[in-house]
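I opened my notebook beside the viewer and jotted things down as I looked them up. Here are the entries, in case they help you find your way around too.

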Amino acid sequence: MILAIESSCDDSSISITDIKTKKLVYHKKISQELEHSVYGGVVPELASRLHAEALPKILQECKSYFSELKAIAVTTAPGLNVTLVEGVTMAKALCLSLNIPLIAVNHLKGHIYSLFIEKETSFPMTVLLVSGGHTQVIEVTRLEDMKMVATTMDDSFGESFDKVSKMMDLGYPGGPIIEKLAKEGNEDRYPMPLPLSQSPLIAFSYSGLKNAVRLVSLEAEEADYPDIAASFQKAAVGHLTQKLKKYFKTNPPKHFSIVGGASANLYLREKIEILLKPYAAKLSLAELKYCSDNAAMIGRVAIEMFEKDMFTSLDEVKTEPRTSL
Ligand code: KG4
Ligand code: ZN
């Protein structure tokens with residue numbers, strides 16, 4: 001079995017995965033959303049302190065598995081440095097005391113492997129990764145061959161939902177709040193320009209859209225918020241689908257997937273399904289409970305890395321907050 005730790009942002013999570021069956025044996029996550037909600041976003045130092053409290057509590061519940069553990073996996077990149085360090089410190093201590101190796105896992109690969117938790121799927125695939133820190137299109141051939149082919153020039157998709165929610169004082173994380181509010185709204189009431197629509201670039205940009213919402217909300221009243229949320233979501237998703245459509249012209253998809261916290265957005269899932277129809281491409285999605293940050297996905301990558309002896313020595317392991325894939 002492998003014990004995996006995730007602490008890259010505001011979720012403290014530990015999982016235990018069986019190496020042979022690749023099945024999840026234990027999984028727990030303590031989210032800090034409530035604590036950060038009052039600030040309208042994640043406060044790194046507060047997040048770090050909350051991880052220091054939550055991780056040992058969860059670990060207590062895993063003690064009965066210790067004798068069966070063959071490795072400890074931990075997210076080392078990307079994320080907030082002060083929170084990554086909490087997980088890495090615990091992972092190193094466990095490796096030393098149990099005398100087992102460490103597997104350093106990239107969080108983005110974790111999101112991609114969320115597709116394999118309690119589900120069967122396979123590579124190659126084109127992945128749309130939408131989270132609080134990333135908006136990327138990734139061509140995945142196998143674990144060691146993942147190429148980012150498009151990314152955001154500024155804010156990420158999930159971040160733009162968080163900022164729009166904050167603007168209207170609706171709370172954090174903004175994604176689920178805005179998606180819910182948008183269901184009651186008229187998405188055509190406030191037409192918003194799609195970012196980079198005249199540009200041939202396959203790239204994303206969300207800062208302009210955020211400003212468009214700011215201008216609209218200046219004049220708006222609370223009764224208008226559902227319409228603002230719906231109009232914003234239409235443009236945010238429309239931007240993704242417009243750029244993907246352009247990308248598909250030269251790279252027609254056969255197998256597509258959406259991963260990351262914002263992949264839980266059902267409006268986005270529906271629009272991507274429509275986009276894929278002409279290509280008859282297969283769409284893979286993670287279980288909703290594994291879309292946002294969790295240690296189960298870190299453990300799932302770690303199983304593949306364990307089989308390939310991809311260990312990191314305790315002297316060399318380091319956090320890499322800014323590393324991408
Ligand atoms: O993957 P994740 O849990 O953490 C990061 O690695 O960033 O993603 C969290 C992000 C937040 O920005 C959150 O607002 C967004 O995903 N999110 C959503 C939805 N659910 C979560 N964005 C849009 N619609 C949603 N339903
Ligand atoms: Zn994430």
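The entries below cover the ligand site, a pair of helices, some backbone details and one strand residue.

**Entry 1: the model.** I started with a reminder to myself that this is a predicted model.

**Entry 2: around ligand 1.** I asked which residues are closest to ligand 1. I found 20 residues surrounding ligand 1, and the closest are G132, D162, E179, G261 and N265. Next I sorted the shell around ligand 1 by class and got 4 nonpolar, 12 polar and 4 charged residues.

**Entry 3: polar contacts of ligand 1.** I looked up three pairs that involve an oxygen atom of ligand 1. For G158, a backbone N or O atom lies 3.2 Å from an oxygen of the ligand. For G175, a polar backbone atom is 3.0 Å from a ligand oxygen. D293 uses its side chain: a polar atom there lies 3.0 Å from an oxygen atom of ligand 1. I then checked the cover: on its own, ligand 1 has 550 Å² of accessible area, and the protein covers 89% of this. I also noted which elements give two or more residues to the shell around ligand 1, and they are helix 4 (107–113), helix 5 (157–167) and helix 6.

**Entry 4: helix 6 and helix 8.** Helix 6 had come up at the ligand, and I followed it to another contact. How do the axes of helix 6 and helix 8 cross? Helix 6 spans residues 174–182 and helix 8 spans residues 225–250; their axes come within 7 Å and cross at roughly 110 degrees. Angles of 65 to 115 degrees count as roughly perpendicular, so I wrote helix 6 and helix 8 down as roughly perpendicular to each other. On the helix 6 side, the contact is made by I178, E179, L181 and A182. Helix 8 brings Y225, P226, A229, A230, F232 and Q233. By class, I have 8 nonpolar, 1 polar and 1 charged residues in this contact. I put a mark beside E179, which is listed among the closest residues to ligand 1 and also takes part in the contact with helix 8.

**Entry 5: cis peptide bonds.** I found a cis peptide bond between A77 and P78, with omega about -25 degrees. P78 sits in the loop that runs between strand 4 (71–77) and helix 3 (81–98). Another cis peptide bond joins F123 and P124, where omega is about 5 degrees. P124 belongs to the loop between helix 4 and strand 6 (125–130).

**Entry 6: a positive phi.** E118 is also in the loop between helix 4 and strand 6. Its phi is near 55 degrees, a positive value in a residue other than glycine.

**Entry 7: K147.** Where is K147? I located K147 in strand 8 (residues 145–150). Leaving aside neighbours within four places in sequence, K147 is in contact with V137, I138 and E139. I also took the C-alpha to C-alpha distance from K147 to T126: 9.7 Å in space, with their positions 21 residues apart in sequence.

Definitions and conventions:
Residues are numbered from 1 along each chain as its sequence is written. Chains are lettered from A and ligands numbered from 1 in the order in which they are written. This is a predicted model: local features need pLDDT of at least 70, side-chain atom pairs count only at pLDDT 80 or more; totals for chains, interfaces and linings use all residues. Side-chain values use heavy atoms; hydrogens and water are left out. Axes are lines fitted to C-alpha atoms, for helices over the stretch in contact, and angles run from 0 to 180 degrees between N-to-C directions. Helices (H or I, at least four residues) and strands (E, at least two) are DSSP runs, numbered from the N terminus. Angles under 35 degrees count as roughly parallel, over 145 as roughly antiparallel, 65 to 115 as roughly perpendicular and the rest as oblique. Contact means heavy atoms within 4.5 Å. Ala, Val, Leu, Ile, Met, Phe, Trp, Tyr, Cys and Pro count as nonpolar, Asp, Glu, Lys and Arg as charged, and the others, Gly among them, as polar. A residue is near a molecule or strand if one of its heavy atoms lies within 4 Å of it. A polar contact is a pair of N or O atoms within 3.5 Å; within protein, one must be able to donate a hydrogen and the other to accept it, and residues adjacent in sequence count only if both atoms are side-chain atoms. Accessible areas come from the Shrake-Rupley method with a 1.4 Å probe; for residues, only the protein chains shown count as cover.
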